[in-house]
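Trainee: Could you take me through one small part of this model, closely and step by step? I would like to look at a single cavity and one residue beside it.

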Amino acid sequence: MKKTPFKNYSVNVEKSVKLLGLPKEFIKKLTTPNRILDKKISITMDSGKKQTFQAYRVQFNNARGPYKGGIRFHPDADLDEVKALAAAMAVKCAVVGIPLGGGKGGVVCDPKKLSPNEIEKISRAWAKVMTPYIGANKDIPAPDVYTNGQIMAFILDEFEKNTGKSEPGLITGKPLSLGGSLGRDTATADGGAFVLRELVKALGMKERGLRVIVQGFGNAGGTMAKILQKAGYVIVGISDSHGGIYNSVGFDVEQLERVKHDKGSFKDVAIKGAKNISNEELLVSDCDVLIPAALDGVIHVGNAGEIKAKIIVELANGPTTPEADEILSRKKVFLIPDVLANAGGVTVSYFEWVQNVQNYYWTAEEVRARLEPIMVNSFKAVWQMACAKKISLRDAAFAIGIGRITEAMGERSLKL
Ligand code: NAD
């Protein structure tokens with residue numbers, strides 16, 4: 001099945017424009033990126049051979065502030081996906097009301113097949129080619145799938161070498177020693193857990209005992225599993241790119257971390273009482289809450305009808321296709337969309353940038369205390385709109401985000 005994440009984004013924009021009663025011309029403006037940087041980067045591999053990689057940065061919309069968004073290193077990264085992710089970042093920042101726009105980057109490569117030395121070279125090459133276009137007040141990258149704090153450090157270092165000045169606000173998700181923020185490592189999951197708690201409350205349910213499946217055991221999914229277990233949820237299923245495991249009575253997440261650390265993957269691991277399943281089986285296994293926290297497009301027309309969860313929390317970006325959305329709506333599944341569910345990450349990235357610009361740093365408690373009301377209030381606004389207009393949480397979140405972006409665009413020019 002061909003992935004078209006940007007088409008999926010456009011469908012959501014069209015719905016919002018209609019819902020908000022905006023002129024149809026807005027659809028074009030909201031689906032046209034300001035700039036696409038499509039570059040080739042070359043490095044010398046450990047073998048001594050030169051290799052060229054495709055590198056992207058899409059600067060989608062900066063009406064509300066500098067472009068903001070991660071960089072993904074993945075063999076399947078492509079321009080359509082990077083465009084969709086950049087656009088979603090603009091909407092996400094607007095949904096949680098932080099003064100940033102939307103951007104995203106990527107390098108088409110397989111980090112699992114690269115040495116640390118080659119990954120450093122690719123990161124520096126990306127920074128070098130993008131230096132004229134990024135900056136603390138222009139475009140602020142961050143980690144995404146298969147990139148991390150170490151890669152952000154390489155990019156910052158290369159950028160500062162090229163520009164000859166210190167600019168920690170260039171990039172977020174940095175190591176603490178370079179101006180990273182306390183609480184950034186858990187922010188996406190913290191934010192997801194806050195909005196899930198609010199939804200559970202709004203539905204008159206209790207958190208304790210709800211059975212959860214998490215797809216993906218990386219920064220977002222692994223941390224979410226830990227936080228939810230602490231809050232009394234039961235983690236019954238988990239997976240990584242190789243496969244998953246399921247146990248109806250629940251796992252101990254610390255044990256899962258040890259297994260992942262020791263074996264490298266959940267594929268074919270033997271855990272007492274657990275069965276080994278594929279990622280496809282995992283998504284349709286029995287649970288109350290399903291948390292896709294890996295890649296986009298995994299909930300589609302082929303499996304949406306089989307999903308057992310009553311609640312879906314999209315920690316991944318774009319995990320549900322519009323067709324699947326319709327099916328889930330008909331099944332009365334409550335789905336917290338990515339632009340709200342995983343917005344804790346960009347919110348604490350914004351806090352990191354604020355701390356860098358002020359050169360004054362907060363404690364982890366201050367970071368969490370500032371994150372919680374933003375997530376709770378954003379959820380309440382989305383929930384209220386969804387209830388008032390009888391629409392899905394995604395349609396409500398998009399309408400709020402698109403409304404705020406078009407308001408900022410309108411303030412900037414009468415010719416919008
Ligand atoms: P990560 O690289 O830390 O982890 C990704 C996880 O997904 C890994 O466990 C990997 O094994 C798994 N995975 C990869 N391919 C898979 C497949 N085909 N099937 C099942 N699992 C697969 O990445 P992350 O930072 O946790 O990001 C995960 C998702 O969350 C992405 O969509 C990302 O855009 C989104 N997100 C992350 C953050 C953040 O702060 N980390 C913020 C917002 C959104």
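Mentor: Start with helix α3. α3 gives the most to the lining of the second largest cavity: three residues. Strand β2 also counts here, since β2 and α3 each supply at least two lining residues. Helices are DSSP runs of H or I with at least four residues, strands are runs of E with at least two, and both are numbered from the N terminus. One caution before we go on. This is a predicted model, where local features need pLDDT of at least 70, side-chain atom pairs count only at pLDDT 80 or more, and totals for chains, interfaces and linings use all residues. Residues are numbered from 1 along each chain as its sequence is written, and side-chain values use heavy atoms, leaving out hydrogens and water.

Now the full wall. The second largest cavity is lined by Y9, L30, F60, N61, A87, A90, V91 and I405. A cavity is a set of points, on a 1 Å grid over the protein atoms alone, where a 1.4 Å probe fits but cannot get out; a lining residue has an atom within 4 Å of a point. Its volume is about 40 Å³, meaning the space filled by probe spheres set on points joined across faces, edges and corners. The lining holds seven nonpolar residues, one polar and no charged. Ala, Val, Leu, Ile, Met, Phe, Trp, Tyr, Cys and Pro count as nonpolar, Asp, Glu, Lys and Arg as charged, and the others, Gly among them, as polar.

Pick N61 from that wall. N61 sits in strand β2, which covers residues 50–61. N61 counts as buried because its relative accessible area is 8%, and buried means under 20% (1.4 Å probe, protein chains only). The side chain of N61 reaches the backbone nitrogen of A63 at 2.9 Å. Leaving out residues up to four places away in sequence, N61 touches N34, Y67, A90, G101, G102, I405 and M409. Touching means heavy atoms within 4.5 Å. Look back at the wall: A90 and I405 line the cavity too.

Finally, set this cavity beside its neighbour in the list. There are two cavities of 30 Å³ or more. The largest has a volume of about 220 Å³. It is lined by 15 residues, with P5, N8, Y9, G318 and D338 nearest its centre. Y9 also lines the second largest cavity. Helices α1 (5–20), α3 (79–95) and α14 (393–412) each supply at least two residues to the largest cavity's lining. That lining has six nonpolar, five polar and four charged residues.

Terms used. Buried means under 20% relative accessible area, exposed over 50%, partly exposed in between (1.4 Å probe, protein chains only). A polar contact is a pair of N or O atoms within 3.5 Å; within protein, one must be able to donate a hydrogen and the other to accept it, and residues adjacent in sequence count only if both atoms are side-chain atoms. On a 1 Å grid over the protein atoms alone, a cavity is a set of points where a 1.4 Å probe fits but cannot get out, and a pocket is an open set with protein on both sides within 12 Å along at least five of seven lines; lining residues have an atom within 4 Å of a point.
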